[in-house]
Amino acid sequence: RRRHTRLQGDWSSDVCSSDLDIAMRDPLTGLLNRRAISDQVEAEWHRSMRQQEPVCVLLIDVDNLKEINDQYGHATGDEALLTLAGAWRHAKRRYDWMGRWGGDEFLIVLPNTNLVEAQEIAERLRSIIEETALGEKDGKPIRVQASLGIACYSGRPGEEISQEQLLVQADEALYKAKEGGRNQVAVFRD
């Protein structure tokens with residue numbers, strides 16, 4: 001009888017763990033959902049403030065996803081998001097956090113990363129996006145491009161920034177990248 005209870009307890013904790021994982025994941029891409037990635041932004045921001053280490057966030061917007069959906073259908077658009085999410089998973093560092101922020105936007109949290117490193121990572125991700133073929137239509141490869149916005153907290157004593165401000169700054173940098181012609185990386189500057 002004890003054994004059965006223990007096994008039953010183990011099984012239900014596995015189910016709870018699985019349910020929790022499902023609740024934290026975007027159903028299409030398998031990346032963290034907005035709520036879960038927001039939690040990671042908060043956790044890394046607090047860690048960064050406490051340890052006086054830098055943290056950066058990248059906000060990515062897939063530039064031409066609407067055109068792909070309109071031209072090739074939503075199934076192709078979904079496949080594009082899946083392909084990109086898979087490519088990014090392989091390109092990110094083990095301790096980075098990545099999630100779907102909304103529709104065609106993604107957020108990446110880069111712990112213990114300064115601005116120069118964040119720019120290198122962002123440019124690498126932008127190149128991966130640009131170079132990834134999502135299939136073919138009439139013998140032509142289907143490709144997407146993306147704009148990326150970067151905001152960083154330096155970790156230096158005296159620098160005051162909230163996690164909300166960090167996200168707003170990343171959004172402003174993303175807007176700057178889109179205004180500048182898309183398919184580029186922009187950095188928030190005061």
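Reading from the N terminus, the elements of the chain follow the order α-α-β-α-α-β-β-α-β-β-β-α-β. That makes six helices and seven strands in the chain. Keep in mind as we go that this is a predicted model. The C-alpha trace of the chain spans about 65 × 55 × 20 Å along its principal axes, and of the 190 residues in the chain, 41% are buried.

A good place to start is strand β1. How many of the eight residues of β1 are buried? Eight of the eight are, so β1 is largely enclosed by the rest of the structure. Looking at the two sides of β1, you will find Val55, Val57, Leu59 and Asp61 pointing one way, with Cys56, Leu58, Ile60 and Val62 pointing the other way. Residues on both sides are buried, Asp61 among them.

Now look at the neighbours of β1. With strand β3, which covers residues 105–111, β1 pairs in the antiparallel sense over seven bridges. You can trace this pairing residue by residue: valine 55 has proline 111 as its bridge partner in β3, and cysteine 56 has leucine 110. With β6, β1 also pairs in the antiparallel sense, here over eight bridges. In that pairing, valine 62 has alanine 146 of β6 as its bridge partner.

From β3 we can step on to strand β2, residues 97–102. Five bridges join β2 to β3, and the two strands run antiparallel. One of the contacts to look for is tryptophan 97, whose bridge partner in β3 is valine 109. The connection between β2 and β3 is a hairpin through two residues. Like β1, strand β3 is mostly covered, with six of its seven residues buried.

The pairing of β1 with β6 brings us to the disulfide. The structure holds one disulfide, formed by cysteine 56 and cysteine 152, with their sulfur atoms 2.0 Å apart. Cysteine 56 belongs to strand β1 (residues 55–62) and cysteine 152 to strand β6 (residues 146–153), so the pair ties together parts that are 96 residues apart in sequence. A disulfide is a covalent bond between the sulfur atoms of two cysteines. Which hand does the disulfide of cysteine 56 and cysteine 152 have? The torsion about its S-S bond is about 110 degrees, so the disulfide is right-handed. As for its surroundings, cysteine 56 has 0% relative accessibility and therefore counts as buried.

Next comes the nonpolar interior. The largest nonpolar core has 29 residues, and Leu58, Ile60, Trp88 and Leu125 are the ones that touch the most other members. Which elements each supply at least two residues of this core? They are β1, α3 (65–72), α4 (74–91), β3, α5 and β6. The largest share comes from α4, with six residues. Leu58 and Ile60 are already familiar, since they point from β1 to the same side as Cys56 and Val62.

What space is left between the atoms? Rolling a probe the size of a water molecule over the atoms shows where empty space is left. A search of the whole structure finds one cavity of 30 Å³ or more, and about 40 Å³ of space lies in the largest cavity. Its lining consists of Ala91, Lys92, Arg93, Asp96, Met98, Ile108, Ile121, Arg124 and Leu125. Helix α5, residues 115–131, gives the most to this lining, with three residues. By class, the lining of the largest cavity has five nonpolar and four charged residues, and no polar ones. Leu125 links two parts of our tour: this residue lines the largest cavity and is one of the residues that touch the most other members of the largest nonpolar core.

We finish with the largest pocket, which has a volume of about 290 Å³. Of the 14 residues that line the largest pocket, Cys152, Glu159, Gln169, Phe188 and Asp190 lie nearest its centre. Cys152 is the disulfide partner of cysteine 56, and its strand, β6, gives the most to the pocket lining, with three residues. By class, seven of the lining residues are nonpolar, two are polar and five are charged.

Technical notes:
Residues numbered from 1 in each chain as written. Predicted model: local features only at pLDDT ≥ 70, side-chain atom pairs only at ≥ 80, totals over all residues. Heavy atoms only, no water. Disulfide = S-S within 2.5 Å. Helix = DSSP H or I, 4+ residues; strand = E, 2+ residues; numbered from the N terminus. Buried < 20%, exposed > 50% of the residue type's maximum accessible area, 1.4 Å probe, protein only. 1 Å grid on protein atoms, 1.4 Å probe; cavity = no way out; pocket = protein on both sides within 12 Å on 5 of 7 lines; lining within 4 Å. Points joined across faces, edges and corners; volume = space filled by probe spheres on them. Nonpolar A, V, L, I, M, F, W, Y, C, P; charged D, E, K, R; others polar. Pairing = 2+ DSSP bridges. Core = buried A, V, L, I, M, F, W, Y, C linked by side-chain atoms within 4.5 Å.
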